[in-house]
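Reader: I would like to go through this model with you term by term. For each word you use, please show me the value and the cut-off behind it.

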Amino acid sequence: MIIALKKDAKLKDIDALTDALLEADFTFETVQGQHYTVLHILGDTTAFDGKKLYAYDCVDRIINIQEPFIRAHKKNHPNKTIITIGDVAFGSNTPVIIAGPCSVENHSQIMAIAKAVKASGANILRGGAYKPRTSPYAFQGLKEEGLQLLHDAAKTYNLKTISEIVAKEDLPYFDKYIDIIQVGARNMQNFDLLKALGKAKQPILLKRGFGNTIEEWLMSAEYIMNHGNNNVILCERGIRTFEGYTRTTLDISSILAVKQLSHLPVIVDPSHAAGRWELVEGLSKAGIAAGADGLMIEVHNAPKRALSDGAQSLKLDKFQTLMNDLTALMTAIKKT
Ligand code: PEP
Ligand code: MN
């Protein structure tokens with residue numbers, strides 16, 4: 001951290017600042033430049049809120065050199081993190097495909113979708129049972145029964161499961177039925193939930209909040225890791241922009257940014273980003289081409305009758321076609 005002092009800084013203010021730094025156990029060197037005097041703070045400043053030093057009259061500018069996240073940062077973990085669940089590995093050379101309905105609706109629906117996505121080559125079955133809906137009048141999910149139905153369908157077709165948690169009190173049900181716990185965009189900064197998931201035994205799929213920066217997203221991963229769970233999979237699902245044609249704007253650049261900053265695997269959810277099934281195929285390919293470690297795609301056997309997100313769900317045959325195309329794309333990428 002570097003603190004630039006004001007040109008007209010008074011000695012007594014500078015003394016007060018340096019006393020505060022010493023009190024916080026920092027050492028620093030003073031560099032007398034041509035225009036500015038700067039204090040270069042030595043050592044780890046991660047846990048120190050430098051902004052509060054603006055309270056001192058003599059401070060002109062504070063520049064943070066160190067990133068605020070440590071565990072999620074690549075610098076401290078040069079090798080990619082590979083998260084393995086059975087024979088599925090996030091962060092390996094083969095992208096992982098998560099597919100399934102927005103919500104688990106009933107036994108026959110989830111069985112039909114599980115059968116089809118497995119046949120098309122998906123690895124993990126998704127399905128929401130605790131739904132964070134914008135409207136309190138919309139379908140809220142089948143809760144524990146939904147998790148059980150998801151589990152049973154996945155077991156029948158040899159798939160792993162993922163489902164979204166909205167409250168830490170539900171963790172025992174997830175322990176019983178679910179292989180990967182999803183944190184939705186709306187809960188990305190629910191720090192109490194993140195801390196509880198730091199104690200969970202399952203990997204956590206952490207979606208990016210649609211109003212959050214990449215740094216805030218990685219700081220949320222840091223919360224989970226700091227509380228004991230290093231198995232965090234990041235998921236880009238679109239951010240809110242001025243564009244209204246799509247539900248949100250898929251931020252492809254975040255895949256590349258996360259790869260530069262972090263060792264954690266990152267996947268793409270084109271369905272919630274687009275909000276329209278017609279765009280899902282192209283965005284899936286874009287995500288894989290950009291280097292994503294996998295995809296999460298909403299698939300439904302009868303999108304017109306879906307209880308949530310039918311407009312962005314691929315029909316079973318469309319998903320099959322996409323999977324064929326993705327296989328060709330992955331081969332092409334590997335060759336070049
Ligand atoms: C979901 O995956 O069902 C979901 C609600 O997604 P998001 O949190 O990205 O909106
Ligand atoms: Mn959905």
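Author: An oxygen atom of ligand 1 is 2.9 Å from an N or O atom in the side chain of R186. This is a predicted model, in which local features need pLDDT of at least 70 and side-chain atom pairs count only at pLDDT 80 or more, while totals for chains, interfaces and linings use all residues. Residues are numbered from 1 along each chain as its sequence is written, chains are lettered from A and ligands numbered from 1 in the order in which they are written, and side-chain values use heavy atoms, with hydrogens and water left out.

Reader: What makes the approach of R186 to an oxygen atom of ligand 1 a polar contact?

Author: A polar contact is a pair of N or O atoms within 3.5 Å (within protein, one must be able to donate a hydrogen and the other to accept it, and residues adjacent in sequence count only if both atoms are side-chain atoms). The pair formed with R186, at 2.9 Å, therefore qualifies. The side chain of R126 brings an N or O atom to 2.8 Å from an oxygen atom of ligand 1, and for R237 the distance from a polar side-chain atom is 2.6 Å. The protein covers 97% of the 300 Å² of accessible area that ligand 1 has on its own, where areas come from the Shrake-Rupley method with a 1.4 Å probe and, for residues, only the protein chains shown count as cover.

Reader: Which residues surround ligand 1, and how do they divide into nonpolar, polar and charged?

Author: A residue is near a molecule or strand if one of its heavy atoms lies within 4 Å of it, and around ligand 1 these are R126, K131, E164, Q182, G184, A185, R186, K207, R237, H272 and E298. One is nonpolar, three are polar and seven are charged. In this count Ala, Val, Leu, Ile, Met, Phe, Trp, Tyr, Cys and Pro are nonpolar, Asp, Glu, Lys and Arg are charged, and the others, Gly among them, are polar.

Reader: How do you know which atoms coordinate the manganese ion (ligand 2)?

Author: Donors are N, O and S atoms within 2.8 Å of the metal (3.2 Å for Na, K and Ca), and water is not among the atoms, so sites may look incomplete. For the manganese ion, C102 (SG), H272 (NE2), E298 (OE) and D309 (OD) lie at 2.0 to 2.3 Å, so they count as donors. C102 lies in the loop between β7 (96-100) and α2 (107-120) and E298 in strand β14 (residues 294-298), so this pair ties together parts that are 196 residues apart in sequence. Helices (H or I, at least four residues) and strands (E, at least two) are DSSP runs, numbered from the N terminus.

Reader: Why is I98 called buried or exposed?

Author: Buried means under 20% relative accessible area, exposed over 50%, and partly exposed in between (1.4 Å probe, protein chains only). I98 has 0%, so it is buried. I98 lies in strand β7, and its C-alpha is 6.4 Å from that of R126, 28 residues away in sequence.

Reader: What does I98 touch, leaving aside its neighbours within four places in sequence?

Author: Contact means heavy atoms within 4.5 Å, and the partners of I98 include F90, I124, R126, I162 and L205. L205 lies in strand β11 (residues 204-207) and is buried as well, with a relative accessible area of 0%. Among the other contacts of L205 are I180, Q182 and C235.

Reader: Why does E236 count as it does, buried or exposed?

Author: E236, in strand β12 (residues 232-236), has 0% relative accessibility and so counts as buried. A polar contact of 2.9 Å joins the side chains of E236 and R208.

Reader: What makes the phi of D25 worth a remark?

Author: Most residues other than glycine have a negative phi. D25 is not a glycine, yet its phi is positive, about 70°. D25 is found in the loop between α1 (11-23) and β2 (27-32), and at 71% relative accessibility it counts as exposed. K143 also has a positive phi, near 55°; its place is the loop between β8 (124-126) and α3 (144-156), and with 36% relative accessible area it is partly exposed.

Reader: How many helices and strands are there, and what share of the residues is buried?

Author: The protein has ten helices and 14 strands, and buried residues make up 49% of its 336 residues. Of the contacts with a separation of 6 or more, 67% join residues 24 or more positions apart.
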